[in-house]
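Dear colleague,

I am handing over the structure below, and I would be glad if you could look through it alongside the notes that follow it.

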Amino acid sequence: MSMSAPLPPPSPPPPQPVYYYAVPPPPRDDSHLLLIVLIVIIFVVVIPSVLAVVLFWEVGGLLHSVPNNTAGNNVDVIAFDLSSQNNTCGLAGKTEPGVNVTLGATFSVSWVLHNANTTGCSITSAHVIGNEFSLDTTNLPVSLPARGTGSLDLTFTAPNTVYTGDLVIDLE
């Protein structure tokens, strides 16, 4: 028998291909996206809108409290203060809203006055106290029944100079 040379070791088998499987991404969490969108809307739309409304109200309020002294409107009667030495019809100390008019303009006011007394009374005269306004016409005398009302109509001429303040009217 002949001895033969040993057989060479068998060759290794060819490598097997490696297959990589793509791992699917985790499910999308839309709540984060929704939260981000809501935050953007709040900062871009809601907050500026609220600030605009508040600013509009504030500026509107400021503009209404400042006398309108444009286009020749330089007479600003802030309020009409009623006075009376004998407290005619209980009106002394009453205040009526003011007006804003042009220099030298004629203007009228009409007030419904209430007699708080238990007896009737009459207003027979009215006078402007202490400034350049003139009282031109009235509907005097005005009779106010006990605990009743009556209308007082006055027509003034404003001064030809700038004026801001109260106008005192003495009623007797």
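The notes below describe the two sheets and how their strands pair.

Please bear in mind that this is a predicted model, in which local features need pLDDT of at least 70 and side-chain atom pairs count only at pLDDT 80 or more, whereas totals for chains, interfaces and linings use all residues. Residues are numbered from 1 along each chain as its sequence is written, and side-chain values use heavy atoms, with hydrogens and water left out.

One open sheet is built from four strands in the order β2-β1-β9-β5, with mixed pairing; strands here are DSSP runs of E with at least two residues, numbered from the N terminus, and two of them pair if DSSP finds at least two bridges between them. Because β2 (95-101) and β5 (126-129) stand at the edges with a single partner strand each, one side of each is left without a neighbour in the sheet. Neighbouring strands of this sheet are turned by 30° against each other on average, direction ignored, where the axes are lines fitted to C-alpha atoms and angles run from 0 to 180 degrees between N-to-C directions. Strand β1 (residues 75-83) pairs with β2 in the antiparallel sense over six bridges, and Val75 has Val101 in β2 as its bridge partner.

The other open sheet consists of three strands in the order β3-β8-β6, and its pairing is antiparallel. Its edge strands, β3 (106-114) and β6 (134-138), each pair on one side only, and here too the average turn between neighbouring strands is 30°, direction ignored. Between β6 and β8 (residues 149-157) the antiparallel pairing runs over four bridges, and Thr138 stands opposite Leu154 in β8.

With best regards
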